Amino acid sequence: MLLNSYSFIIFFIALYFIYYLGGKTSKVQNIILLIGSYVFYSSWSWEFLSLLVATTGVTYFVGNKIKSAQKEKSKVWWLRSGVFIVLIQLLYFKYFNFFIENFNDFLHLFGAKDQLGVLKIIFPIGISFYSFRMISYLLDIRNNKLKEIPSLLDYAVFIAFFPCIIAGPIDRATPFLKNLKIKREFSSPQFTDGLKQVLWGLFKKLVVADNIAGITSQLFDSYHTLNGSALFVGAVLYFIQLYSDFSGYTDMAIGISKLLGIKIQPNFNYPLFAQNVADYWRRWHISLTSWLTEYVFTPLSIHFRDYDKYGLIMAIIINFLVVGFWHGAEWHYIIHGLVSGIMFIPLILSGKMNKKIKTSNNFIPTKDEIKNIPVTFVLFTLLMILFFSKDMEMAAKYYQGIFSLSFFQLPNFPIQKEVILVMVFMLLLEWGNRDKEYAIKEILVKKNVALRWGFYYVLVFLVFLFYIAPKGFMYAMF
């Protein structure tokens, strides 16, 4: 059941009315949310619902043990046990075959045959996202950031909350659980705000991302026949496609949550307009970046503090290796993470990693923005080649094609003009409203009502006009 499908609309309308009309108390509303979340997850992966339920129960039990343990050794033992249980299932389902394949490749270096066979493992959807929720919950209890243990019901809702379970954001327990303590009442402004953000997410996904996908899929299938300029344009389009798809999902998830009276954390802050590497990662996939900063980078940077800037470099590279490995059990993802970490080195050595970036909210960019944004965009466009390549061989050939003399030729691949127009339309709207939570949050609010509603109808018309078929979200595969 995709968020951009008609079946989801029917599901959500039914849930919405039951939630507000039948939810007389916060507890009843939470029960409705949990049942709805499990129904939603079952539509994706019913065979793994039992895994989700079992892991939820086990980590809740472990969290109680950590909280009630009197001795430090007991707290640490229970914490390690809980994190191990979560990681072992993640490693098995997502990375087991990766280790087998690389072990066999290692044996091939010495002329030996395969010793281990690859297993046919079905990947439980959303496992990377809900596993990180579980781990942060246990760590927050251990570090006394979660002052009281929630009920099993509330914890289960936190783990399985249906707008976020497939592709995030990865919320923390404390702010999310606050939503569940009080009865949520229908609010007209909140309803309008939620619908607008859902509409914007649908536009980015259906009109922009899915139509760019029609170009990039053909381009990548024939990349070995294309010249350097066409390959570069393909990488640019993919970067915008991935952003539109993933941030579109996030806008829909946040908007749906608002309709239910629940606030979740943002995941994007206009990263296509970032001015350097650090600024980009503060704007892109914010919930994952902040999760890793708190639970991986910060402890490592403290551990390596005696090495000064070089300790910081080691911490940032390890952190981004985790980012790469989190995305998938493929070497091109791991190299993507490694290169992402290496890109921080100039900022660290110059002492500019945490320097605040000057930005303006004017439509006309400043001199710094004119200088920095294109450079940063191109850097991450080139980095995206490691992300979308099927393997390192494809990545190497793709880079070789871009950095060749054919880059100075006109692209030898056709691109539909209407796709470029809607893409530019989206970018201009986001640039002009980049100080807002999302691009159309307050657009035309001071203008004529007919003009404002006319704009929304245009977006709705474009959504139906460009609607092809409900396609999956790109980050659901992670």
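# Exercises on a predicted helical model

Phe12 and Tyr16 stand four residues apart in helix H1 (residues 6-22), so about one helical turn separates them. The model that holds this helix is predicted, and the exercises below begin with this pair before turning to other parts of the chain.

## Exercise 1. An aromatic pair inside one helix

Determine how the rings of Phe12 and Tyr16 are arranged, and whether each residue is buried or exposed.

Solution. The structure holds 60 aromatic pairs, and Phe12 and Tyr16 form one that is tilted, with 5.7 Å from centre to centre and 40° between the planes. The next step is to compare each relative accessible area with the cut-off for buried residues, which is under 20%. Phe12 has a relative accessible area of 10% and is therefore buried, and Tyr16, at 11%, counts as buried.

## Exercise 2. A pair that joins distant parts of the sequence

Work out which parts of the chain are tied together by the pair of Tyr243 and Trp284.

Solution. Begin with the geometry: the ring centres of Tyr243 and Trp284 are 6.5 Å apart and the planes meet at 40°, so this pair is tilted. Then place each residue: Tyr243 belongs to helix H9 (residues 228-259), while Trp284 sits in the loop between helix H10 (277-283) and helix H11 (286-303), so the pair links parts that are 41 residues apart in sequence. Finally, consider accessibility, where Tyr243 counts as buried at 2% and Trp284 counts as buried at 2%.

## Exercise 3. Three prolines

Describe where Pro346, Pro365 and Pro169 are placed, and give what is known of their surroundings or backbone.

Solution. Pro346 is found in helix H14 (residues 345-349), where its relative accessible area of 54% makes it exposed; its C-alpha atom lies 9.9 Å from that of Ile313, a residue 33 positions away along the chain. Pro365 follows in the loop between H14 and helix H15 (367-388), and with a relative accessible area of 31% Pro365 is partly exposed. Apart from neighbours within four places in sequence, Pro365 is in contact with Ile370 and Trp431, and the C-alpha atoms of Pro365 and Trp431 are 9.4 Å apart although 66 residues separate them in sequence. Pro169 lies in the loop between helix H6 (152-160) and helix H7 (173-180), and a cis peptide bond with omega of about 5° joins Gly168 to Pro169.

## Exercise 4. Positive phi values

Find where Asn144 and Asp308 lie, and state the phi value of each.

Solution. Asn144 is in the loop between helix H5 (127-142) and H6, has phi near 60°, a positive value in a residue other than glycine, and is partly exposed at a relative accessible area of 45%. Asp308 is in helix H12 (residues 308-327), has phi near 55°, likewise positive in a residue other than glycine, and counts as exposed at 58% relative accessibility.

## Exercise 5. The chain as a whole

Explain why the radius of gyration of the chain agrees with that of a compact globule, and describe how the chain is built.

Solution. A compact globule of 478 residues would have a radius of gyration near 23 Å, and the chain has 23 Å, so the two agree. The chain contains 18 helices and zero strands, and 55% of its residues count as buried. Among contacts with a separation of 6 or more, 78% are between residues 24 or more positions apart. The C-alpha trace spans about 70 × 65 × 45 Å along its principal axes.

Notes:
Residues are numbered from 1 along each chain as its sequence is written. This is a predicted model: local features need pLDDT of at least 70, side-chain atom pairs count only at pLDDT 80 or more; totals for chains, interfaces and linings use all residues. Side-chain values use heavy atoms; hydrogens and water are left out. Helices (H or I, at least four residues) and strands (E, at least two) are DSSP runs, numbered from the N terminus. The radius of gyration is taken over C-alpha atoms; the globule rule is 2.2 Å times the number of residues to the power 0.38. Buried means under 20% relative accessible area, exposed over 50%, partly exposed in between (1.4 Å probe, protein chains only). Contact means heavy atoms within 4.5 Å. Rings of Phe, Tyr and Trp (its six-membered ring) pair if their centres lie within 6.5 Å; planes under 30 degrees apart count as stacked, over 60 as edge-to-face and the rest as tilted.
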